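I opened the model to look up its sheet, its core and its surface. My entries follow.

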Amino acid sequence: MTTRGVLYVHSAPRALCPHVEWAVAGVLGTRVNLDWIRQPAAPGTWRSEFSWQGQAGTASKLASALRGWHLLRFEVTAEPCATAEGERYSCTPELGIFHAVTGIHGDILIPEDRLRAALTRSQRGETDLEAEIAKLLGKPWDDELEPFRYAGEGAPVRWLHQVV
C-alpha cells in the first residue's frame, strides 16, 4: 500500500545538502534533486521541501537515514493509508528525533500506555504532568522548529484546495 508525504529540511549547512539528496534517493530508489533556498532563520544554512510517494513506512526510513546528522533540522510526514496510520518525525540537533502517529485529520494519537506512564511519573513526583504531555505532543520540537518553518523570501507557495 502506498502513501504520500513531505520531507521538510528546515536547515542544513551547504556542504550537507548533496548528502541529504543522496540519502533521500537511497530510500526512495530514484534520483532526487531538491530545490534549495537560503534559510533566513540560520544564516549560512539552506532549506528545502520535497513531496514523496512510497510504501507505508517510507517516512520512518527517511527519518532514519537523516537522523543524527549534526546541524540538520528536518521533519518528515506521511499521510494515513488503508494499512497504516500517518506519521510525523521531527528532528533537531539539540533534541534529537521525535515521532508521533497521526490520524486522518493530522492530530497526534498518543497510545494509552504512554499516557499512563506520564501520569505515573507525575504522581511519583518525578516530573510535571503538563511537561510530560507537552513532550508527548512534540511541543519542544515545535518550539525549536517554528522559526525555521517560515521559509522567508523565495519559498514555494502551496495552495490548499480543500478545507476540512
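**Strand β5 and its partners**

I began with one pair: Thr77 stands opposite Arg88 in β5. This is a predicted model, where local features need pLDDT of at least 70, side-chain atom pairs count only at pLDDT 80 or more, and totals for chains, interfaces and linings use all residues. Residues are numbered from 1 along each chain as its sequence is written, and side-chain values use heavy atoms, with hydrogens and water left out.

I noted the terms next. Helices (H or I, at least four residues) and strands (E, at least two) are DSSP runs, numbered from the N terminus. Two strands pair if DSSP finds at least two bridges between them.

I then counted bridges. Strand β4 (residues 73-78) runs antiparallel to β5 (residues 86-92), and 5 bridges join them. On to strand β6 (residues 96-102): β5 pairs with β6 over 7 bridges, again in the antiparallel sense. Gly86 has Thr102 in β6 as its bridge partner. A hairpin is formed by β5 and β6, with 3 residues between them.

How many residues of β5 are buried? I found 7 of its 7 (buried: under 20% relative accessible area; exposed: over 50%; partly exposed: in between; 1.4 Å probe, protein chains only). In a regular strand the side chains alternate between the two faces of the sheet. I checked both faces of β5: Gly86, Arg88, Ser90 and Thr92 are buried on one side, Glu87, Tyr89 and Cys91 on the other.

**The whole sheet**

I traced an open sheet of 7 strands, antiparallel in pairing, in the order β2-β3-β1-β4-β5-β6-β7. At the edges stand β2 (37-38) and β7 (108-109); each has a single partner strand, so one side of each lacks a neighbour in the sheet.

**The core**

I looked up the largest nonpolar core (buried Ala, Val, Leu, Ile, Met, Phe, Trp, Tyr and Cys residues joined through side-chain atoms within 4.5 Å). This core has 24 residues, and Val20, Trp36, Leu72, Phe74 and Val76 have the most contacts inside it. At least two residues each come from β1 (2-13), α1 (17-28), β3 (45-55), α2 (58-66), β4 and β5. The largest share, 5 residues, is from α1.

I listed contacts (heavy atoms within 4.5 Å) for Val20. Beyond its neighbours within four places in sequence, Val20 touches Val9, Leu34, Trp36, Leu66, Trp69 and Leu72.

**A loop residue**

Where is Leu137? I placed Leu137 in the loop between α4 (129-136) and α5 (139-149). Leu137 is partly exposed, at a relative accessible area of 36%.
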